[in-house]
Amino acid sequence: MMTRKEFLKTLAAGATAAAYAPKGFGATASKMKRGVTLYSYQEEYYTRTMTVEDCIAEAADIGAYGIEMLPEAMVPDFPNPSDRWVDRWHDWMDKYRTTPVCYTQFQETKLYKDRELTDAEAVGNMVRDFKLAKRLGFKVVRGIAWTPLLHIEKALPYAEEYNVKFAVEIHSPIPLLGERIQQCLEMIERTKTKHFGFVPDFSLFVKRPPRIERDRKIRDGVLTDKVAQYLEQSYAAGVPFEKAKEEATRLGYKEVDNGYGTYLDEVYNRGFFGTARNDPKDMLKIMPHIFHVHAKFWEMTDDLEEYSIPYEEVLPVLAEGGYDGYLASEYEGQRFTQDAFETDSCEQVRRHHVMMRRLLHEI
Amino acid sequence: MFEKYMICTRGFKNVYEDDRPAGFQLKVRITYYRGIPVSCVESFDVTVDGETFSPDNVTFSIGGKSFPLTQVGKAVDVRWPFGDPATLIIKKPGGLKPGIHDIQVVETLRISYMPNSRSVATAKKKVTLVI
């Protein structure tokens with residue numbers, strides 16, 4: 001039996017280990033780190049209940065030291081913030097001990113009403129963002145999932161010049177082992193570039209569509225309980241898409257796609273939020289090219305689980321592959337609940353991080 | 001998204017020309033998760049107390065710059081920041097009477113990185129006008 005002194009020593013040692021070194025999966029220490037995209041706090045920022053600094057402070061308070069951000073949402077005078085603001089940004093990074101990890105970039109392809117950007121303009125758009133990413137200290141720039149490879153290749157010299165890695169998002173419904181990823185890998189192989197890679201988004205691994213999205217569509221009158229149940233059951237029973245669509249229409253379903261997909265699309269793996277058919281293990285095939293991860297979530301339940309995405313299947317694959325980057329929590333449920341419920345993004349992200357701490361064996 | 005925040009109470013008032021009400025002003029916010037170039041605004045369909053206003057009679061204004069709504073497609077160098085109210089000025093001789101008004105706005109944006117995508121958001125709000 002140990003003495004009280006010995007017991008306290010063990011306790012202290014244990015506490016120290018938990019504070020500074022996440023224990024690993026089995027014998028391997030996971031090198032993954034926790035972060036957050038400030039996009040998660042979009043509603044609080046939008047309503048001005050949180051400032052950018054408040055978002056960073058909140059991230060630090062939950063140990064999410066890796067920061068991702070949409071400069072188009074949160075940087076004043078985008079794309080040319082004042083030096084004074086940029087200095088403040090770096091002061092916040094020092095004050096809260098956070099690190100700028102990923103710059104969420106957008107191609108303004110349809111800037112003009114009557115035409116798409118020319119190739120030169122498209123590359124110019126990317127260079128604009130590389131410059132600002134460098135000013136703000138970001139090392140990874142997240143690009144839109146389907147950014148044309150032609151543009152990416154032309155932008156590579158600039159990525160090198162500004163010392164950033166450009167990583168396109170792999171988001172549902174893109175197949176991890178499909179043509180797009182294959183083409184990207186071929187380009188990386190051919191150019192030998194170290195400045196192009198991927199940001200997998202966990203929407204890729206959805207097991208069941210977010211119920212909050214279904215409920216919102218019901219409240220909006222584009223879906224009924226009956227149709228929703230029918231679609232979910234028919235998908236589970238293997239009824240083909242067209243047949244399900246026919247039958248749902250007979251039951252009164254008339255949803256119009258406004259660009260984000262219908263509930264039918266979601267259930268049948270064609271949408272951005274719905275059932276996916278990717279296997280988390282497929283990430284192993286592209287592991288050296290994963291520069292960052294969007295730890296997507298829509299609803300953290302009272303049991304501290306994500307309703308749609310099986311994190312307990314996904315995180316071990318990243319650990320197995322030796323991923324040593326950040327898991328950036330990306331809370332996106334607010335758009336489905338804000339019409340009827342009060343949003344508390346901070347609470348949702350906190351729940352997300354407790355789940356991740358458990359899965360990372362930090363607690 | 002953000003439909004419930006689209007129509008602002010603050011800023012709702014008549015606009016005067018030569019001391020007579022020539023129209024009214026309504027502030028609106030973006031129903032999207034980032035700021036956009038003003039050229040990506042497609043339309044605002046404003047209905048007040050059942051009266052719908054033609055885009056020809058609407059001006060869109062942000063950051064001190066104004067454009068006829070029908071011309072916003074040209075404003076590629078002006079940004080509408082995320083969360084910042086933009087001002088719609090609607091021509092209506094006589095303006096609106098003081099009291100509670102039923103406002104409906106349909107905000108259509110061109111989501112420039114999504115293929116074939118328009119964001120169409122509808123908001124309804126009762127707002128009181130005083131002067």
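**Close-up views of a two-chain predicted model**

**View 1. Chain A as a whole.** For 363 residues, a compact globule would have a radius of gyration near 21 Å, and the 22 Å of chain A agrees with that. Please keep in mind throughout that this is a predicted model. The C-alpha trace of chain A spans about 75 × 60 × 45 Å along its principal axes. The chain contains 15 helices and 8 strands. Of its 363 residues, 44% are buried. Among contacts in chain A with a separation of 6 or more, 80% are between residues 24 or more positions apart.

**View 2. Helix α13 of chain A and its buried residues.** Here we zoom in on α13(A), which runs over residues 311-320. Its buried residues are Tyr311(A), Val314(A), Leu315(A), Leu318(A) and Ala319(A). They lie on the same side of α13(A), because the arc they cover around the axis is only 135 degrees. The spacing has a familiar background: an α-helix has 3.6 residues a turn, so residues three or four places apart point the same way. The cover over the buried residues of α13(A) includes β7 (293-297) and α15 (345-359) of chain A. Following α13(A) comes Gly322(A), with a positive phi near 75 degrees.

**View 3. Where chain A meets chain B.** How many residues does each chain bring to the contact? Chain A contributes 24 residues and chain B contributes 26 residues. On the side of chain A that touches chain B, the elements giving two or more residues are α2 (42-46) and α4 (71-74) of chain A. Of the elements there, α2(A) gives the most, with 3 residues. By residue type, this side of chain A divides into 10 nonpolar, 7 polar and 7 charged residues.

**View 4. Chain B as a whole.** Now for the partner: the secondary structure of chain B amounts to 1 helix and 11 strands. In sequence order the pattern is α-β-β-β-β-β-β-β-β-β-β-β. Chain B is as compact as a globular protein of its length, because its radius of gyration is 14 Å, close to the 14 Å that the globule rule gives for 131 residues. Its C-alpha trace spans about 45 × 30 × 20 Å along the principal axes. Buried residues account for 34% of the 131 residues in chain B. As for contacts in chain B with a separation of 6 or more, 69% of them are between residues 24 or more positions apart.

**View 5. An open sheet in chain B.** Five strands are worth tracing by eye here: this open sheet of 5 strands follows the order β1-β2-β9-β6-β7 (chain B), with antiparallel pairing. Which strands sit at the edges? They are β1 (13-17) and β7 of chain B, each of which pairs on one side only. From one strand to the next, the twist averages 30 degrees.

**View 6. The hairpin of β1 and β2 in chain B.** Starting from one edge of the sheet, β1(B) runs antiparallel to β2(B), residues 20-28, and 5 bridges join the two strands. Within this pairing, Val15(B) has Gly23(B) in β2(B) as its bridge partner. The two strands form a hairpin with 2 residues between them. In its turn, Asp18(B) has a positive phi of about 50 degrees.

**View 7. Strand β6 of chain B, with a neighbour on either hand.** In a regular strand the side chains alternate between the two faces of the sheet. For β6(B), residues 58-62, which face is covered and which is uncovered? Val58(B), Phe60(B) and Ile62(B) make up the covered face, while Thr59(B) and Ser61(B) make up the uncovered one. β6(B) pairs with β9(B), residues 86-91, in the antiparallel sense over 4 bridges. In that pairing, Phe60(B) from the covered face has Leu88(B) of β9(B) as its bridge partner. β6(B) also pairs with β7(B), residues 65-68, again in the antiparallel sense and over 4 bridges. There, Ile62(B) has Lys65(B) as its bridge partner, and Ser61(B) stands opposite Ser66(B). β6(B) and β7(B) form a hairpin with 2 residues between the strands, where Gly63(B) takes a positive phi near 55 degrees.

Methods. Residues are numbered from 1 along each chain as its sequence is written. Chains are lettered from A and ligands numbered from 1 in the order in which they are written. This is a predicted model: local features need pLDDT of at least 70, side-chain atom pairs count only at pLDDT 80 or more; totals for chains, interfaces and linings use all residues. A residue is buried if 20 or more other C-beta atoms lie within 10 Å of its own, exposed if 12 or fewer, and partly exposed in between; C-beta atoms are placed from the backbone. Two strands pair if DSSP finds at least two bridges between them. The radius of gyration is taken over C-alpha atoms; the globule rule is 2.2 Å times the number of residues to the power 0.38. Two residues are in contact if their C-beta atoms, placed from the backbone, lie within 7 Å. Ala, Val, Leu, Ile, Met, Phe, Trp, Tyr, Cys and Pro count as nonpolar, Asp, Glu, Lys and Arg as charged, and the others, Gly among them, as polar. Axes are lines fitted to C-alpha atoms, for helices over the stretch in contact, and angles run from 0 to 180 degrees between N-to-C directions. The arc is that of the directions from the helix axis to the C-beta atoms.
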